[in-house]
Amino acid sequence: MAEPSLVFTDVNERQGMFTRRIFLMGGLVAFGMFALTGRLAHLQIVQGGKYKKLSAANQYNFRLVTPPRGDIYDRNGKLIAGNRSSFRVMIETNEVKNIDDTLDQVSYVLPQTLSSRRRILRDINQNQRSVPTIIAADLSWEDFSRVSLYANDIPGVVADRDELRAYYYGGAFSHVVGYVSKINQKDLDNEKDASETDINLLHHPSFRIGKSGIERAFDKELRGVAGGKKVEVDARGKVVAEDGEGSIEPIPGKDLVLTLDADIQQRAIDVFGEDSGSCVMMDIHTGEVLCMTSSPGFDPNLFVSGISSDAYKLLSDYDHIPLLDKALTATYPPGSTFKTLVALAALEHGFDPKTTHTCNGVFPFGNHVFHCDRHHGTLDLHGAIVTSCDVYFYQCALAVGPDKIADVARKFGLGQIFDIGISGQKAGVVPDRAWKAEYFKKRDPRNTRWLAGETPSMGIGQGFTNVNALQNCVAVARLANGVKAVQPRLIKSIGGKPYKVAEFENLAADPAHIAFVRAAMADVTAAGGTAAVSGKLDLGPIMMAGKTGTAQAHTYGSGSRATLHLEWEKRDHAWFVAFAPADAPKYAMSVIVQHGGWGGSSAVPKAREIMRMALLKDPEIQKRIVGINPADLVDKPLTDIPDPENDTGAAPPPPDIVPTST
């Protein structure tokens, strides 16, 4: 049997086999071409629009543009807070494969310290990958030029110009205007209802959020609306061109105009110098706040890019507490400034102003002896206000009682929180029987009853009574107005539109009784008054009316009231409340010098200089000043004038009362 052969011997058989193979291969190729053509047609015709958009997205990117923050002006159009140009370098982490290598390349051009490298890496870890991270900010032109020269050769590194918040008066407005700083997690939690665009803005490295004062209270209005910049990028994500037509311009934040006067504010800061305290001034007719300082202040520019831990520690450790707002947050015993309201409460409840008491320097009551700083002799109510006699007001307060005094004090603004647009106000304490019962109900249930020995201390603004500088200014503004319960205003307009103005209610007090107190306050700066020497304005016929106060802040031993020899934190607080002109009031003010000693020698000279600035800027009052060169008075040096009357609004409290201190 022959073996099978692999060789075709028949020519026709071999040709047939070849033809079948050609047909099969041709069919496969034709099917492949048909499938490819169909797929291409599907991509081009059916899904062409989709892939056109994806292609454009790969070619173009939208980069968020932060809006310019609104400016803040004083009442005369002087710029308090604005924006300035700044140069920075950022890293786009989503375009970088190795962060450390990229930062090493940048460090050859812009050296980094170990702490700055750690900060950059921390920020990168905290930020979203789509959010750029700042490597260095607020660069000099030389550093920025050097980085810009090499930035295009380092993937993911961007050098550009930014805007930083700038505060042009340094610490003069540090508390009332506040400052902006980098956003933190607490800020983000407060923005949980924000839109996606706002959330992206919050995460942007250029964005700063208001942290305190006006900047915080009106952050949404000042913030503006973010825009977008359409840029063309290459395969590596580097920007090669900008598409101006596709970009969206950001909407700047609204400008704010305050009622504050930058000249008066700066003058107040100057006269306080290194002293600690506050000055608040109001227009008694409109309620507009012209001055609201807290000294010493701090430079808010330090916080914009992030304050160093060492600098912050210096501020927080300083015993004059520059971070504390002494106009709104800090409260102090009002001392003898409170006697004006004690006198008014007495008159409102039938007290005869001709009632006399004899001051021999002491007032025994119960098992305690209350003291006065002088032997004033026999006085009526008018004389007691003028000379600030404690012995008289011990007895006046006992005749009226704490509840009636507290009622009048609250009507004139003490113990109140005002709608001025910013937070941080402390209500303080205006005590009465109900307040004490409630306050001590859980703290000391055995001490809920008002004790008779607590009333004399209240009569001179001591004991439980505590107020802030704004409240004391409102009280004297209402006394000076005499008719309306003036409310303080801090915002003049937002975005060019006038801010809301509320109607003032009528004062619930007899105008004749208010006039009596005002007349006595006018004599405080006249011969025999506690501000007779230091309260002279030297403005011709323009006189200032006021009331001094020295508030005890520490328990002293016998004979220790001469406080200037004591350590600073043990000295009394010095107060002065005033209005001017005395015969036709327009401006009211309160000045508190923390641990300043006597009110007449510490607070009055400061108040005089600040009040003169306000009066000299007023065109109507200038017409009344005869033979005086205003230019010679504006820069007149502040001098320490000893108070011949040594006004004191404080005496040692009863053993069961602990003086309130700051």
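**Exercise 1. Work out how strand β20 (residues 573-580) is joined to β21.**

Start with the bridges: seven of them join β20 to β21, and the two strands run antiparallel. DSSP has to find at least two bridges before two strands count as a pair. The strands themselves are DSSP runs of E with at least two residues, and helices are runs of H or I with at least four, numbered from the N terminus. Next, pick out one bridge: Ala 578 has Met 589 of β21 as its partner. Finally, look at the link, where six residues sit between β20 and β21 in a hairpin.

A word on the model: it's a predicted one, where local features need pLDDT of at least 70, side-chain atom pairs count only at pLDDT 80 or more, and totals for chains, interfaces and linings use all residues. Numbering starts from 1 along each chain as its sequence is written, and side-chain values use heavy atoms, with hydrogens and water left out.

**Exercise 2. Place β21 in its sheet, and say which strands stand at the edges.**

First, check β11 (residues 277-283): seven bridges join this strand to β21, again antiparallel. One of the bridge pairs is Asp 283 with Tyr 587 of β21. Now write out the order: β12-β11-β21-β20-β19, an open sheet of five strands with antiparallel pairing. The edges go to β12 (289-295) and β19 (545-551); each has a single partner strand, so one side of each lacks a neighbour in the sheet. From one strand to the next, the twist averages 5 degrees, with axes being lines fitted to C-alpha atoms and angles running from 0 to 180 degrees between N-to-C directions.

**Exercise 3. Decide whether the faces of β21 are buried or exposed.**

Recall the rule: in a regular strand, side chains alternate between the two faces of the sheet. Take one side, with Tyr 587, Met 589, Val 591 and Val 593, then the other, with Ala 588, Ser 590 and Ile 592: all are buried, meaning under 20% relative accessible area with a 1.4 Å probe, protein chains only. That's seven of seven residues in β21 (587-593), so the strand is largely enclosed by the rest of the structure. For the chain's 662 residues, the buried share is 50%.
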